[in-house]
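Let's take a walk through this structure together. Please have the sequence and the 3D view ready.

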Amino acid sequence: MLLIDSNSRGSRIAKNVLTVVIICAVFITAIYFKKGTVSDENDWATQQIETMQGIRQTAQDSVAFAQSMEDPDQYAAEIENVQQYITDYDQLAKTKEIQSITTHDPMQRAIGSLNRNRQQEAVSNMQVTARNLDEQTKTLLDAVDKTMSDDFTQHGGQWLLQVDDPTQVNELIDRYGKDRHYSSMQDLLTDLQSLQKLRSTVKQQVSDSVANLHNAEVSTAAIAVPALNGDLDPAGWYTLATNVAGTMGVQIEQTMEYGCGDQTSGLPQEFTVAYYCQSSDRAQRNVVHILTTHPSWTQTARSPWLVDVVKHELSHRSIMISCGTIQPAIAGDRTEAVTNSYSVLYLGADRGRIAEQQQGLAEYAMDEQSDQIASSIHDGNCG
Ligand SMILES: [Zn+2]
């Protein structure tokens, strides 16, 4: 019989190997027995974390969205709250309990699952933070939603009058007219992003429409208008007036009765030679009405005054396209004087002739102030 000397080198190595083997065996057994439930519970935890990561992503995208809006400083407090919860969330996500769930290393997952309670506790803590993060994201998105819809409520009607093509404004009106319901924060964000895209398109269309208007005004003002009644025959004056309006894409319609649907003029009808209707009816947008029943019509039709009259009505339209209303706040109670000034400054109407024809009509009398207001409107300041 060979006695093993426990102090010999060979014996020590054998003992160490045995220890390692035994530990490994115990460890493998532990994993083996746990295996049945490890998979299910890990799936559950992994799923929870994936959901929470979605919440975090939506929160981050919402911050980026709010920051991309005009005047993002108004959401500074809400953005800060969301960012604070994102930081808290990220700290929890870094803990070894959560890492042991999200890792792809099977051994690390197995080790983590040995302490199931601590994992669950970590997931629960994260869920509380994720819920708070989701709530703060909602507060932020609601604030952005409110500014966007307030802006629409205030200006939607004006945009409709301003744009050359109302398709997108009508789509916006349609979408804001419906109840909006969202099944998730991501849904809310996606819808707001799409509303914002549509709104940006509309605002660009408003700018384009004003730019087109200004180009047309330059062409219209460049059309030569003879000074004397006898320079053209009545048909010639009418053709000239038609060309002036046509250059702006506007038609002249002769009517026998004054009226813009349900609108009434502030002036007695005897003053009205021509009129322009501000209306959501697109058919009215590019029409100037001339009242042929007016006592002075025959005289007007045989003179350059006809062109000034048409230019005055075209100026109501220009102001409407620039401001979304023929009566912008900046004009105060001087709408008609400002409209005259606009026709002189931007459509080449004759200041002297207008003053002469409208003697005694204080409301229409131009001065330095009405010129300044017309110039502000042309620059895009409507008050
Ligand atoms: Zn007028």
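We begin with the overall make-up, then visit the cores and one helix pair.

This is a predicted model, in which local features need pLDDT of at least 70 and side-chain atom pairs count only at pLDDT 80 or more, while totals for chains, interfaces and linings use all residues. Residues are numbered from 1 along each chain as its sequence is written.

The chain has 14 helices and three strands (DSSP runs numbered from the N terminus, with H or I of at least four residues for helices and E of at least two for strands). Of its 383 residues, 30% are buried (20 or more other C-beta atoms within 10 Å of the residue's own, with C-beta atoms placed from the backbone).

Now look inside. The largest nonpolar core (buried Ala, Val, Leu, Ile, Met, Phe, Trp, Tyr and Cys residues joined through C-beta atoms within 7 Å) holds 42 residues, and Ala 241, Ala 245, Val 288 and Val 310 touch the most other members. Helix H8 (234–247) and strand S3 (287–291) are among the elements giving two or more residues to this core, but the largest share, ten residues, comes from H11. Apart from this core lies another of 27 residues, including Ile 79 and Leu 192.

Finally, turn to helices H6 (residues 167–177) and H7 (residues 185–221), whose axes come within 9 Å and cross at roughly 145° (lines fitted to C-alpha atoms over the stretch in contact, with angles from 0 to 180 degrees between N-to-C directions). Leu 172 of H6 and Leu 198 of H7 are among the residues that make the contact (C-beta atoms, placed from the backbone, within 7 Å).

Methods: Contact = placed C-beta atoms within 7 Å. Buried ≥ 20, exposed ≤ 12 C-beta atoms within 10 Å, placed from the backbone.
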